[in-house]
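This report considers surface exposure and charge pairing. The sequence and structure are shown below.

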Amino acid sequence: MLPSVSTLQQIGLAVLLLATLAWAIGLVRTVRRDRHAPQPPGAAPRLLKAVPRQVVPPSESVELTAAEREAFAGLVRDLTRGH
């Protein structure tokens with residue numbers, strides 16, 4: 001027992017340490033459970049399970065013209081070149 005620390009503080013410290021240990025063990029188990037086999041080079045990246053794919057209804061989509069697609073590609077190139 002530490003003489004300068006009250007019994008209540010020691011109990012609180014023990015509870016805090018146990019909670020931290022339980023959290024760390026849970027985190028490690030979750031990461032190990034969700035780990036998959038390594039992907040071969042050039043394979044598409046794995047998708048997150050928690051984020052569903054977005055499907056746009058045909059009534060809310062618009063086909064771009066070739067000029068609009070080229071303008072968008074140029075905008076993306078300009079924005080990525082700056083960083």
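## Exposure and the nonpolar patch

A residue is termed exposed when its relative accessible area is over 50%, buried when that area is under 20%, and partly exposed in between. The model discussed here is predicted. Leu-79 has a relative accessibility of 55% and therefore counts as exposed. This leucine is part of helix H2, which spans residues 66–81.

Leu-79 also contributes to a nonpolar patch on the surface, together with Phe-72, Leu-75 and Val-76. The area of this patch is about 390 Å².

## Salt bridges

Side chains of opposite charge can pair when their charged atoms come close. Two salt bridges are found when the whole structure is searched.

One of them joins the side chains of Glu-70 and Arg-77, with an N to O distance of 3.1 Å. Glu-70 is classed as partly exposed because its relative accessibility is 48%. Arg-77, with a relative accessible area of 41%, is likewise partly exposed.

## The pair within helix H2

A salt bridge is also formed between the side chains of Asp-78 and Arg-81, at 3.6 Å from N to O. Both residues belong to helix H2, where Asp-78 and Arg-81 are three residues apart, about one turn of the helix.

How exposed is each partner of this pair? Asp-78 has a relative accessibility of 47% and so counts as partly exposed. Arg-81 has a relative accessible area of 61% and is therefore exposed.

Key: Residues numbered from 1 in each chain as written. Predicted model: local features only at pLDDT ≥ 70, side-chain atom pairs only at ≥ 80, totals over all residues. Heavy atoms only, no water. Patch = residues over 30% accessible without salt bridge, like charges linked within 9 Å, V, L, I, M, F, W, Y side chains within 5 Å. Areas by Shrake-Rupley, 256 points an atom, 1.4 Å probe, with all protein chains shown as cover. Salt bridge = Lys/Arg side-chain N within 4 Å of Asp/Glu carboxyl O. Helix = DSSP H or I, 4+ residues; strand = E, 2+ residues; numbered from the N terminus. Buried < 20%, exposed > 50% of the residue type's maximum accessible area, 1.4 Å probe, protein only.
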